[in-house]
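Reader: I would like to learn how to read a structure feature by feature. Please take me through some.

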Amino acid sequence: MKPAPPSHPTAVSAARVSSGRYSAWRLLREGFNGQRGWSRAWAKAAPRPRYRVVIVGGGGHGLATAFYLASEFGISDVAVLEKGPIGLGNVGRNTTIIRSNYFLPQNIRFYEFSLQQWEKLERTLNFNAMVSQRGTLNLFHTEAQRDLFTRRANQMRLLGVDAEPVSRADVRSLVPLVDLDNGRYPVLGGFLQRRGGTVRHDAVAWGYARAASDAGVDIVEHCEVTAIRRDGARVRGVDTTRGYIAADTVCLAVAGHSSRLGALAGLTLPIESHVLQAFVTEAIKPVLDVVLTYGAGHFYVSQSDKGGLVFGGAIDGYNTYGQRGTLPMAEEVAASAVTLLPGLARLKVLRQWGGVMDMTMDGSPIISKTPVEGLILNGGWCYGGFKAIPAGGITTAHLIARGEPHPLAAHLDLGRFAAGRTLDERGAGPFPYAH
Ligand SMILES: Cc1cc2nc3c(=O)[nH]c(=O)nc-3n(C[C@H](O)[C@H](O)[C@H](O)COP(=O)(O)OP(=O)(O)OC[C@H]3O[C@@H](n4cnc5c(N)ncnc54)[C@H](O)[C@@H]3O)c2cc1C
């Protein structure tokens with residue numbers, strides 16, 4: 001038997017209490033006031049029987065879509081339904097990297113738009129998300145890779161996006177820890193995007209939730225969608241563990257569970273679910289002030305503000321909904337880590353965790369109408385959906401509110417798979433595990 005959903009004594013629908021504006025002045029005042037003046041950051045809403053828009057999934061994309069629907073398009077009759085507490089999905093499990101260093105022009109424009117939103121996000125949300133533009137440095141190890149990276153940097157610069165080639169000597173001064181002459185894949189140089197960096201991931205969920213709630217959106221936690229009701233070809237609403245909720249539009253923003261939720265509406269999506277792991281070491285003094293990626297294996301690392309080195313690698317490569325990885329991948333990631341940064345071998349890994357990725361056939365995401373009228377899909381984010389949250393939210397809200405794709409996301413439609421217009425950023429072919 002399923003446990004009863006937790007009761008929320010402060011559940012609201014109508015009488016919403018705003019958390020107020022956060023400021024240095026308020027911090028000071030609360031300091032003198034025994035911290036008694038703070039209220040909940042977002043209202044614990046109870047579901048109403050009907051909404052204009054129901055968003056399934058309280059991750060980054062679901063919450064951002066709700067926020068922009070209310071703030072940009074004036075639609076606040078919106079509920080975000082989350083099966084657990086918000087922020088415990090991939091939005092709170094990723095390695096926090098943001099960047100726009102893509103190769104395909106459509107992708108560069110989309111992710112650059114997102115990066116521009118990150119640059120002003122804290123003012124937009126009035127929330128400290130610890131946006132840190134410390135730079136992302138991609139290393140290359142062969143002449144062929146130098147050509148590929150140069151091509152990518154040129155493509156970005158043609159579109160007005162920052163990208164710099166970096167010599168071996170520059171790599172040494174940027175990251176003295178790197179073993180440039182390691183025996184496996186000596187480093188020949190790198191490619192730097194100075195505006196890339198990191199953002200504290202769970203603050204992104206909390207910041208969007210707070211701003212959406214203040215704008216009138218109901219954020220309903222512990223509310224799992226168990227069925228999607230249709231009336232012929234049109235969506236009518238969703239069955240949940242907290243009852244039936246009718247809606248004119250239902251938007252799926254469930255990341256690793258897109259194919260499962262799609263199936264509830266009778267859709268077969270070109271998506272596979274895979275697990276991706278991440279790791280964090282014990283805290284040490286500052287040693288790394290860029291995001292570093294290894295070009296000869298799948299390994300990326302940054303140092304958190306607490307001092308831990310946060311790193312990850314490739315997906316484990318088998319289909320699963322389990323949020324934990326396997327030891328072979330942990331070993332592969334550790335091997336890449338100590339090849340590039342031998343000093344890491346002396347650190348203890350404190351925690352390791354996994355998240356479920358929705359890998360598409362071409363490695364690019366989907367923001368699209370579906371064959372079911374009124375059912376919108378935001379998914380297929382593969383490894384890279386965190387950096388896309390602001391752009392994903394704005395363009396999905398645009399699609400819902402205007403009924404047509406946002407120009408920056410028109411290429412991410414579901415129809416591209418049937419039409420053969422795939423967006424294979426890495427040229428890896430139709431193999432979800434390879435992207
Ligand atoms: C280890 C790891 C490292 C990563 N590193 C990066 C990175 O550095 N940079 C980057 O850009 N991306 C990264 N990603 C990818 C990124 O985290 C995801 O692509 C992105 O967070 C997915 O979008 P989301 O935030 O909306 O997903 P989620 O936070 O997963 O939101 C989906 C929500 O839907 C809910 N849900 C599912 N089913 C139901 C249901 N039936 N009813 C109600 N709710 C439901 C889930 O509980 C979940 O909260 C990483 C991912 C992982 C796992």
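Author: What follows covers the ligand, a surface patch, a threonine and two backbone angles. The model is predicted.

Reader: How many residues surround the ligand, and which are the closest?

Author: A residue belongs to the shell if one of its heavy atoms lies within 4 Å of the ligand. Here 37 residues surround the ligand, and E82, N90, T95, Y383 and K387 are the closest. By class, 17 of the shell residues are nonpolar, 15 polar and five charged.

Reader: Which elements each supply at least two residues of that shell?

Author: They are helix α2 (60-73) and the strands β12 (271-281) and β16 (349-360). Strand β12 gives the most, with three residues.

Reader: What polar contacts does the ligand make?

Author: A polar contact is a pair of N or O atoms within 3.5 Å. The side chain of T95 has an N or O atom 2.8 Å from an oxygen atom of the ligand. Two other contacts use the backbone: a backbone N or O atom of K83 is 3.2 Å from a ligand nitrogen, and a polar backbone atom of G384 is 3.2 Å from a ligand oxygen. On its own the ligand has 1000 Å² of accessible area, of which the protein covers 96%.

Reader: Which residues form the nonpolar patch on the surface?

Author: W25, L28 and F32 form it, and together they have about 430 Å² of accessible area. W25 sits in helix α1 (residues 24-32).

Reader: Why does W25 count as exposed?

Author: Exposed means over 50% relative accessible area. W25 counts as exposed because its relative accessibility is 57%.

Reader: Is T240 buried or exposed?

Author: Buried means under 20%. T240 has a relative accessible area of 9%, so T240 is buried. Its place is in strand β10 (residues 234-240). The T240 side chain reaches the backbone nitrogen of R242 at 2.8 Å, and a polar atom of that side chain lies 2.7 Å from the backbone oxygen of G243.

Reader: What should I look for in phi?

Author: Most residues other than glycine have a negative phi, so a positive value deserves a look. N126, which is not a glycine, has a positive phi of about 50°. N126 lies in the loop between α3 (105-125) and β4 (136-140), and at 14% relative accessibility N126 counts as buried.

Reader: Where is A255 found?

Author: A255 is in the loop between β11 (243-252) and α7 (258-264). Phi of A255 is also positive, near 45°. A255 counts as partly exposed, because its relative accessibility is 24%.

How values were computed. Residues are numbered from 1 along each chain as its sequence is written. This is a predicted model: local features need pLDDT of at least 70, side-chain atom pairs count only at pLDDT 80 or more; totals for chains, interfaces and linings use all residues. Side-chain values use heavy atoms; hydrogens and water are left out. Patches are made of residues with over 30% relative accessible area and no salt bridge: like charges are joined within 9 Å, nonpolar side chains (Val, Leu, Ile, Met, Phe, Trp, Tyr) within 5 Å. Accessible areas come from the Shrake-Rupley method with a 1.4 Å probe; for residues, only the protein chains shown count as cover. A salt bridge is a side-chain nitrogen of Lys or Arg within 4 Å of a carboxyl oxygen of Asp or Glu. Helices (H or I, at least four residues) and strands (E, at least two) are DSSP runs, numbered from the N terminus. Buried means under 20% relative accessible area, exposed over 50%, partly exposed in between (1.4 Å probe, protein chains only). A polar contact is a pair of N or O atoms within 3.5 Å; within protein, one must be able to donate a hydrogen and the other to accept it, and residues adjacent in sequence count only if both atoms are side-chain atoms. Ala, Val, Leu, Ile, Met, Phe, Trp, Tyr, Cys and Pro count as nonpolar, Asp, Glu, Lys and Arg as charged, and the others, Gly among them, as polar.
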